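Here are a few short exercises to help you find your way around a new structure. Try each task yourself before you read the solution.

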Amino acid sequence: MVFGTTLRIPSEFFVDAPQSPNEAEFVENLRRAMRKIRPRENRKHSIFMHRDLQTCKNVFVRNDSVRPLLSPPYEGPFAVINRTDKYFKVKMRGRTVNISVDRLKPPYTLESSKAQLIRYPQPQLLRQFLRLE
C-alpha cells in the first residue's frame, strides 16, 4: 500500500457466483435437506452437589435476595429432614421448606467433643515467667 494511491482489491476475491436454481428446485432441495435432519438425544446433565451434603445433618441456605452491604450470603444452619436428588426438605424458622441443592452448602462446625481448645497461660503466670514483677 502506497500513500496517495487508490486501494485495489485482488481479483480473486471476485468469483462469478453460480447460477441460482429456480424457486421450485430450491424448495425441493430445502425439503430434502430438512427431511434428513433428526433431533439429537438429550444428555442427562449431572448436578454438582457437594459430597458432604449427602451425610450432613444441617445445611446453610443461600439468600438470593438483595441484601445490604457486608451481610452474609448464607443463613443457618438449618436441620435437614429429607433428601432427594434435586431438593432437600429443611426445617427453617419453624416451617418445613423444599430447597434446591443449588442453594445449599454443608456446614463445617467444630463439634464440642472433637474441638481442641487452645489454652493460653494466665497473665500472672506470664509475668512470673517473664519476671515482670
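**Exercise 1: A serine in a strand**

Ser100 is buried, with a relative accessible area of 16%. Buried means under 20% relative accessible area, exposed means over 50%, and partly exposed lies in between, using a 1.4 Å probe and protein chains only.

Before going on, note that this is a predicted model, where local features need pLDDT of at least 70 and side-chain atom pairs count only at pLDDT 80 or more, while totals for chains, interfaces and linings use all residues. Residues are numbered from 1 along each chain as its sequence is written, and side-chain values use heavy atoms, with hydrogens and water left out.

Task: find the element that holds Ser100, then list its contacts beyond four places in sequence.

Step 1. Look at residues 95–100: that's strand 4, and Ser100 is in it. Helices (H or I, at least four residues) and strands (E, at least two) are DSSP runs, numbered from the N terminus.

Step 2. Set aside the neighbours within four places in sequence, and Ser100 is in contact with Lys86 and Tyr87. Contact here means heavy atoms within 4.5 Å.

**Exercise 2: A lysine and its surroundings**

Task: work out whether Lys89 is buried, partly exposed or exposed, and say what it is in contact with.

Step 1. Go to strand 3, residues 87–92, where Lys89 lies.

Step 2. Check its relative accessible area: the value is 32%, so Lys89 is partly exposed.

Step 3. Skip the neighbours within four places in sequence; Lys89 is then in contact with Ala79, Val80, Ile81, Asn82, Thr96, Val97 and Asn98.

Step 4. Now try a distance: Lys89 and Ile99 sit 10 residues apart in sequence and 6.4 Å apart in space, C-alpha to C-alpha.

**Exercise 3: The whole chain**

Task: write down the order of the elements and the share of residues that count as buried.

Step 1. Count the elements: you should get two helices and five strands.

Step 2. Read them off from the N terminus, and the order is α-β-β-β-β-β-α.

Step 3. For burial, take the 133 residues of the chain; 11% of them count as buried.

Step 4. Finish with the contacts between residues at least 6 apart in sequence: 40% of these join residues at least 24 apart.

**Exercise 4: An arginine in a helix**

Task: place Arg31 in its element and decide how exposed it is.

Step 1. Helix 1 covers residues 23–36, and Arg31 is in there.

Step 2. With a relative accessible area of 49%, Arg31 comes out as partly exposed.
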